[in-house]
Amino acid sequence: MLTLHTTPGSCSRASHIALEEAGLDYQARFVDFAKADQRQPDFLAINPKERVPALVTDRGVLTEGPAILAYVAGLAPQARLAPTDPFDFARMQAFNLYLASTIHVAHAHGRRAARWSDDPAAQASMAAKVSENMRTGFDLIEADLTGDWVMGDAYSVADPYLFVFSGWLAGDGVDITQFPRVADHFERMSRRPAVQRVLAWEAARAG
């Protein structure tokens, strides 16, 4: 059985949604950041990076959201969560990697600036740029959305990943309605049963 180590509201939400969409046999394990679970020996033995998501499989542990999303899609081809055409698959991965390497990093400069500097003034300066950088990134995403889903007419594991970052915009001082296509995508995702099941699971642990 697959075991996903995940934290409510984090980027690991996308992997959780993908597992639900895939219909795979899995269990979710709550990693409580408020209690620093990610720094405890039992979790460090799974992922010494101190991060979620971490997916335990019968062949070992996978980390990093884009890798887990692609793996889940590959395990459940019947769910059609990724393109089968190599070029289209690469396009999906390019989108996911942009979210991971640019959008997530821009967001993290507001809450995790200490990763990059010990200087309080530098940390404040980085945090002050978050809204601008998120808007710039989402300008590109908005322009790239040409259908109901990231890949056009076909739903894929890129959609729950975008859903996560779209949900962070308000906290970063960005009004999602500035991006009508992104806002429509967020609402469309919110209505999917798999998303609602994951959000309910998270809500039960948030308190």
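Entry 1, aromatic rings. I count two rings of Phe, Tyr or Trp as a pair if their centres lie within 6.5 Å, and I call the pair edge-to-face if the planes are over 60 degrees apart. I am working on a predicted model, and in it I looked first for rings that join up into a group. Tyr161, Phe165 and Trp168 are linked by ring pairs into a cluster. Within this cluster I looked up the pair of tyrosine 161 and phenylalanine 165, which is edge-to-face, with 5.1 Å from centre to centre and 75 degrees between the planes. These two residues are four apart in helix α7 (residues 158-168), so about one helical turn separates them. I also checked their exposure, and both tyrosine 161 and phenylalanine 165 are buried.

Entry 2, the count and a further pair. By the rule I used, the aromatic pairs come to five. One that I followed up joins tryptophan 149 and tyrosine 155, whose ring centres are 5.0 Å apart and whose planes stand at 85 degrees, so this pair is edge-to-face. Tryptophan 149 has 9% relative accessibility and therefore counts as buried, and tyrosine 155, at 12%, counts as buried because the limit is under 20%.

Entry 3, charges over these rings. I then asked myself which residue has its charged end over the ring of tryptophan 149. I found arginine 188 there, with its charged end 5.7 Å from the ring centre. For tyrosine 155 I noted arginine 192, which lies over the face of the ring at 3.7 Å from its centre.

Entry 4, the largest pocket. I read its volume as about 780 Å³. The lining of this pocket is made up of 29 residues, and those closest to the centre are Cys11, Arg51, Val52, His104 and Arg115. Helices α3 (65-75), α4 (86-111) and α7 are the elements that give two or more residues to the lining, and α4 gives the most, with six. Sorting the lining of the largest pocket by class, I noted twelve nonpolar, nine polar and eight charged residues.

Entry 5, the second largest pocket. Here I noted about 260 Å³ of space. Which residues lie nearest the centre of the second largest pocket? From a lining of 16 residues, I wrote down Arg80, Leu81, Ala82, Pro83 and Thr84 as the nearest. At least two residues of this lining come from α3, and at least two from α4. By class, I recorded nine nonpolar, three polar and four charged residues in the lining of the second largest pocket.

Key. Residues numbered from 1 in each chain as written. Predicted model: local features only at pLDDT ≥ 70, side-chain atom pairs only at ≥ 80, totals over all residues. Heavy atoms only, no water. Phe/Tyr/Trp six-rings, centres within 6.5 Å; stacked < 30°, edge-to-face > 60°. Buried < 20%, exposed > 50% of the residue type's maximum accessible area, 1.4 Å probe, protein only. Lys NZ or Arg CZ within 6 Å of the ring centre and 35° of its normal. 1 Å grid on protein atoms, 1.4 Å probe; cavity = no way out; pocket = protein on both sides within 12 Å on 5 of 7 lines; lining within 4 Å. Points joined across faces, edges and corners; volume = space filled by probe spheres on them. Nonpolar A, V, L, I, M, F, W, Y, C, P; charged D, E, K, R; others polar.
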